[in-house]
Amino acid sequence: MTQNNLGNAYLYRIRGDKAQYLENAIACYQDALRVAKPDTLPTLCLTISRNLADFASKQQNYQLAIDNYEIAITAIEQSRDWIPDEIARQEILRQNIYVYENMIQASVNAEQYDKALETVERFRCRRLLDLILTKDLYKNGEVPEEIRKLEAEMEAKQWEVDRLRRQLQTPEDKQEKVGATRHLTRDEWDDLNEEIQKLVREKEEIRQKMLHRLFPALDEEKESKPLSVSVEGMKGLLNPPLPPENSPLPPLPSENPPLPPFQRGEMERDDVALLSFYTTDDDTYIFILTQAGVKLHRCQGEGYKNFQLWLRDNWLTPYSEIDDSAAFQAAANLANCDIDAIESINPKPSNVVVKLTDGTTTEISVSDFNASRKQQKHQLYKQWQDKMPEMLKEIADRLQINQLIAKLTDIKEIILVPFMYLHQIPLPALPLDNGEYLGDKFRVRIAPSTQVLTFCRQQAQNPEANLPRYGIVENTKDDLPYTPTECQLVAQIYGVAPEHHLKGSKEATKAKYKQLLTREKVLGLLSSHHAKSNLTEPLESKLLLGDTDLTLGELLNASIRFPQLGDLFLSCCETALGNSELTDDIFTLSAAFLSAGASNVISSLWAVNDLATTILSYFFHRNRAAGITSADALWQAQMELKELTLAKAEESLEDAEEKLDTVRASCSPVKNPVRASCSPVKNPVRASCSPVKNPVQTSCSPVKNPVRASCSPVKNPVRASCSPVKNPVRASCSPVKNPVRASCSPVKNPVQTSCSPVKNPVQTSCSPVKNPVQTSCSLVKGSPVKDSPVKEYEEQEKIADNCQKVYDLVVEAKKSIGGEKPFDNPYYWAGFVCQGEG
């Protein structure tokens, strides 16, 4: 300590030989550091090394500054490791974050970009990483009984919280679900809120107690296997990960989704770059790591206040305040006062109490308040989403994205590691000068930090064989109108077994959700329901399940692991949304699932549209089933959704139906495949075996195939007969479930009425058996149909049915959203990002 004080005295001495005094100061500091080591006296070591490094940086002796900032950072990290309290650990990092900042700036000034990148990734997401590593302590499942008991206590507290919250619901909210069946008094309402807050605090105390048990074991693990962040280590992330030997996604060769810009097989090590973002007080840096080394892209003038706080104030804050703003505006409208005159809004069981700044109060109806608030929320969301294209353009300009691309010569894939509020931005959707997007130019993956991505890559794959391919959790609150269609489409693609498809509030409980991942061990999961991010208490972010919530904090528990999980599609709101401070700890539900073992997580940055998400999810899963990688499958699905029109949906449907006709005709050697279908389809038009010659042919036209050419010379008369429009079946009968099956004729089934007076001519005229289609696929003797054509027919029929559902959804979108391209606003197509292996 004496040498440190003496160094300070020399440093600030005014009279005499200034140069000599500075040399003496350096010598004194260095003598002091020979005694105060990072691993013995970290606090004193931090003070001395920081003083010396700051002095050296001012003298532009950047190498001396770098060397001593390195010592200071080692001391900071040693101090963190000695403290078993998670909050105290984070506070140490927060108080000393400027040491990392100064180290990064000194490294940039010295043009040591590799050292600068290592320092950025060294402090990023440290709290999240600590929690992830505690899970890894017991990766083989041997979680101590003491830890399991504490986890059970936390879960019991959560159950109680959820039970009390259900009692707070108004009759309109409950909709006859479990909870109170009467109005609460005001005192009861206040007591319940206080009890909920008490339980949340108790739950956090239990979690901290659990971490006190885990952190010593974690620190021992770090001593035996110290964490290191190096450029050479990060280069390993540039190698495309090998696909699993047994893919959970069966290929569907009969479908032809759009091809991705780059197939993984085409990737070489030199084709991949990692882009790590960092903002100083003055500038934003983008460090570009390739196999050749590290380069710097500098966005001058885009510092913390000018850029990061601008992002917060213009992107995140307007979105996060929509609920409160809508409530205040609704209250002001109903109370006939100015919004600035409202001090607080206090919802009660039977009314809403509005307190004004002059001390007076007024009461308004709960139902009126809820209706007005809903209307205001819709308007505010519309304002936010309409501003999105302009915001993305300005972000691209501020980051000089076109100049950045010029530095990425021969690069095909980029791994983006955002910083602070850039985590909330759909970076692949940044527009380029040529009209394309960043995601058009490169295959894009996103990671919270390189250390988190390294952890995910190092997870051992589950060695078990014959695990279920896919699972689905559907509509846990029974209130999403399009989610059942989405889940039906995906279930059809992957052949999801009923026991792995949890439907509605009764089946999709928290216990069954965790069982699906940890006991059934599905290889892929579609999780389609409500979720909610908590920006102030991120560990309280949650998936809303049928009986209770699954919180982010619970997902970080040591006992929850599913290393077999390949793809997780979180078809929910805000699962990638989180708040980030200078320490850049981003806690999101997607990060929690990555920490638990998922290889790829598709997650959302905002409250996504249910209808648009249904189509996007189908496109993504269809692409994955065709063997396209997750990142490519998502981007292609997003671009397809963006450009989707009713005409394109109709064209896809017609193509699918024509292929179905072709497959049907090739299934059997008989002259008319309508009479000899090889599939037990529901529709007698497709599977008619009537012995009459062909009443449709005789009554309409002597053509070879009456189904394709009845009453009209058009390409497909079933789709376009009796009307000059492109598709009269859809135009005159839409929205029908299947326009091919639903003729534009006023009779219920013209094939039945014109061919036979019986109720079902297939059953009565073809065969005496109950189901002749199952007994024989052809009436021609000696011409049995093999299994493979039957399977091909069934697969193609599924595709046609799926295309029909997409067409119907686009019809709905044109009504509810409008426009030739209903989904072309980034709000509809850009809300999901791919995190993980890609």
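**Exercise 1. Cysteines**

Find out how many disulfides the structure holds, and where the cysteine sulfur nearest to that of Cys487 lies.

*Solution.* Start with the count: this predicted model holds 0 disulfides. Next, look at Cys487, which is in no disulfide; its nearest cysteine sulfur belongs to Cys572, 9.9 Å away. A disulfide needs two cysteine sulfur atoms within 2.5 Å, so a pair at that distance does not qualify. Then move on to Cys572, which is in no disulfide either; the nearest cysteine sulfur here is that of Cys573, at 7.6 Å. Finally, check the surroundings. Cys487 counts as buried because its relative accessibility is 0%, and Cys572 is buried with a relative accessible area of 1%.

**Exercise 2. The helix that carries Cys487**

Describe helix 19: what is its span, which residues are buried, and what follows its end?

*Solution.* Begin with the length. Helix 19 covers residues 483-494, 12 residues in total, and reaches 17 Å from its first C-alpha to its last. That is close to the 16 Å expected at 1.5 Å a residue. Now list the buried positions: Thr483, Glu486, Cys487, Leu489, Val490, Ala491, Ile493 and Tyr494. A helical rule helps when you read such a list: an α-helix has 3.6 residues a turn, so residues three or four places apart point the same way. Last, step past the end of the helix, where you meet Gly495 with a positive phi, near 60°.

**Exercise 3. Positive phi outside glycine**

Locate Gln60 and Asp478 and decide for each whether the residue is buried, partly exposed or exposed.

*Solution.* Keep the background in mind: most residues other than glycine have a negative phi. Gln60 is not a glycine, yet its phi is positive, about 60°. Gln60 sits in the loop between helix 3 (42-58) and helix 4 (62-82), and its relative accessibility of 58% makes it exposed. Asp478 also has a positive phi of about 60° without being a glycine. Its loop runs between strand 9 (471-474) and helix 19. With a relative accessible area of 45%, Asp478 is partly exposed.

**Exercise 4. The surroundings of Thr279**

Work out which side chains make polar contacts with the side chain of Thr279.

*Solution.* First place the residue: Thr279 lies in strand 1 (residues 272-279). Thr279 counts as buried because its relative accessibility is 5%. Then follow its side chain. One polar contact, of 3.0 Å, goes to the side chain of Thr284; another, of 2.9 Å, goes to the side chain of Gln308. To complete the picture, add the other residues that Thr279 touches beyond four places in sequence, including Glu302, Gly303, Tyr304, Phe307 and Phe419.

**Exercise 5. Leu641 and a distant partner**

How far apart are Leu641 and Trp829 in sequence and in space?

*Solution.* Leu641 belongs to helix 25 (residues 630-642). In sequence, Leu641 and Trp829 are 188 residues apart, while their C-alpha atoms are 6.3 Å apart in space. Trp829 is one of the contacts of Leu641 beyond four places in sequence; the list also has Ala612, Ile615, Leu616, Phe619, Phe823 and Tyr828. With 0% relative accessibility, Leu641 counts as buried. For the protein as a whole, residues 24 or more positions apart account for 73% of the contacts with a separation of 6 or more.

**Exercise 6. Strand pairing**

Trace the sheet that holds strand 13 and name its edge strands.

*Solution.* The sheet is open, with 3 strands in the order 12-13-14 and antiparallel pairing. Strand 12 (531-532) and strand 14 (549-551) stand at the edges with a single partner strand each, so one side of each has no neighbour in the sheet. Strand 13 (residues 542-544) is joined to strand 14 by 3 bridges, and Leu543 stands opposite Leu550.

**Exercise 7. How far to trust the model**

Which elements have the lowest and the highest mean pLDDT?

*Solution.* Take the overall level first: the mean pLDDT is 78, and 74% of the residues reach 70 or more. Helix 33 (residues 772-775) has the lowest mean among the elements, 36, and strand 2 (residues 284-290) the highest, 97. Then mark the stretches with pLDDT below 50: among them are residues 244-267 and residues 670-786. Where pLDDT is low, the predicted coordinates should not be read in detail.

Methods: Residues are numbered from 1 along each chain as its sequence is written. This is a predicted model: local features need pLDDT of at least 70, side-chain atom pairs count only at pLDDT 80 or more; totals for chains, interfaces and linings use all residues. Side-chain values use heavy atoms; hydrogens and water are left out. Helices (H or I, at least four residues) and strands (E, at least two) are DSSP runs, numbered from the N terminus. Buried means under 20% relative accessible area, exposed over 50%, partly exposed in between (1.4 Å probe, protein chains only). Contact means heavy atoms within 4.5 Å. A polar contact is a pair of N or O atoms within 3.5 Å; within protein, one must be able to donate a hydrogen and the other to accept it, and residues adjacent in sequence count only if both atoms are side-chain atoms. The expected span of a helix is 1.5 Å times one less than its number of residues. Two strands pair if DSSP finds at least two bridges between them. pLDDT is the predictor's confidence in each residue, from 0 to 100.
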